[in-house]
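Please open the model in your viewer and keep the selection tool at hand, since this tour moves from one selection to the next.

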Amino acid sequence: AVVSTQSTGVAHFGDGTSGQYDVVILSTGYLVNIPFMAWEHRLQCPTILHVPDLYRGVLWVPLTRGKKSADNRLFYMGMQEQCYTFTLFQLQAIWVARAIKGLQEIPSEEECRAEIRKSTDKNAEITGAIDVINSQSEYILQLAAETGTEGQYDARELFFEWAESKRDIVGYRNYAYRSLNTGTLAPLHKTAWYTLMDDSIDAYINTVNFVGA
C-alpha cells in the first residue's frame, strides 16, 4: 500500500520501500453510498464480506445505534464484497421475492440480530482471498438451500484458479475458465488484454480463438 507521495515523484510504500514513479493509480475499490435513503434506514458500512444490519445479507434488521426497523419491508442486494456477482444477485433476488410473497421463513427480530452478529464476527476470520472465496461460497449455498433453488452454484474451485492467476496482475485477464454448468471452455482473445486498445464489439467478438470443450 502507498503510504505517501512527494512532489518529486517518489512514492513510499508500507513495507518501507520507495521508488520514483510518473503516475500512482490508487485503486481503492468501492464504498457503499446510498444518499437518497433516509438516514435511519440507510445502510452505511465499508466494502466487507459480511455486512451489518442485513439478515441473510439482504433483509434490513438494524443493529446500528439510531437506525430504525422497517418491519421486514426493506431489502438491500449486492452490498457485499463480491467474488460471485450475477449468481449472488440471482439468489438474493429469489430470497427477497420469496420473503415479499410470504414464502420465505423469517425468524424473530432478535433471532435475526443474533444471526447478523454471528455473521459479521466472521469478518475477523477473513485473512486472504481463499477465505473470501470459501466464505462467500458457503453463503451462496445457504441462499440456494433456503430458497430451494437447484443448480450448480459452488464455483470455488474456479475462483481458486482465478485467485492464483491474479498473481500476474497484467496477464490474469488472458486466462480462460470452464463453465461450471456446461463444461465449455471460454474462448481466448487473440490479443493480450494488456495490449488490446480496440474495445469495439467487432474486435472482441470476431477475434477470439474458440477452444473446444
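Rings of Phe, Tyr and Trp, with the six-membered ring used for Trp, are said to pair if their centres lie within 6.5 Å. With that in mind, and remembering that this is a predicted model, select Y84, F159 and W162, which together form one aromatic cluster.

Next, turn to the interior, where Y84 appears again: together with Y55 and W95, Y84 is among the residues with the most contacts inside the largest nonpolar core, which has 25 residues. Colour helix 1 (86-101), helix 2 (109-121), helix 3 (129-147) and helix 4, each of which supplies at least two residues of this core, and notice that helix 3 gives the most, with six residues. If you then select W95 and leave aside its neighbours within four places in sequence, you will find contacts that include Y55, L59, F75, I106 and L143. Apart from this core lies another, of twelve residues, among them L43, C45, L54 and A70.

Across the whole structure a search finds six aromatic pairs. One of them joins W60 and Y76, a tilted pair at 5.9 Å centre to centre with 50° between the planes. Because W60 lies in strand 5 (residues 59-60) and Y76 in the loop between strand 5 and helix 1, the pair ties together parts that are 16 residues apart in sequence. Both W60 and Y76 are buried.

Finally, go to the surface and select I169, V170, W193 and Y194, which make a nonpolar patch of about 430 Å². Is I169 buried or exposed? I169, which lies in the loop between helix 4 (156-165) and strand 6 (188-189), counts as exposed at 56% relative accessibility.

Conventions: Residues are numbered from 1 along each chain as its sequence is written. This is a predicted model: local features need pLDDT of at least 70, side-chain atom pairs count only at pLDDT 80 or more; totals for chains, interfaces and linings use all residues. Side-chain values use heavy atoms; hydrogens and water are left out. Patches are made of residues with over 30% relative accessible area and no salt bridge: like charges are joined within 9 Å, nonpolar side chains (Val, Leu, Ile, Met, Phe, Trp, Tyr) within 5 Å. Accessible areas come from the Shrake-Rupley method with a 1.4 Å probe; for residues, only the protein chains shown count as cover. A salt bridge is a side-chain nitrogen of Lys or Arg within 4 Å of a carboxyl oxygen of Asp or Glu. Helices (H or I, at least four residues) and strands (E, at least two) are DSSP runs, numbered from the N terminus. Buried means under 20% relative accessible area, exposed over 50%, partly exposed in between (1.4 Å probe, protein chains only). A nonpolar core is a set of buried Ala, Val, Leu, Ile, Met, Phe, Trp, Tyr and Cys residues joined through side-chain atoms within 4.5 Å. Contact means heavy atoms within 4.5 Å. Rings of Phe, Tyr and Trp (its six-membered ring) pair if their centres lie within 6.5 Å; planes under 30 degrees apart count as stacked, over 60 as edge-to-face and the rest as tilted.
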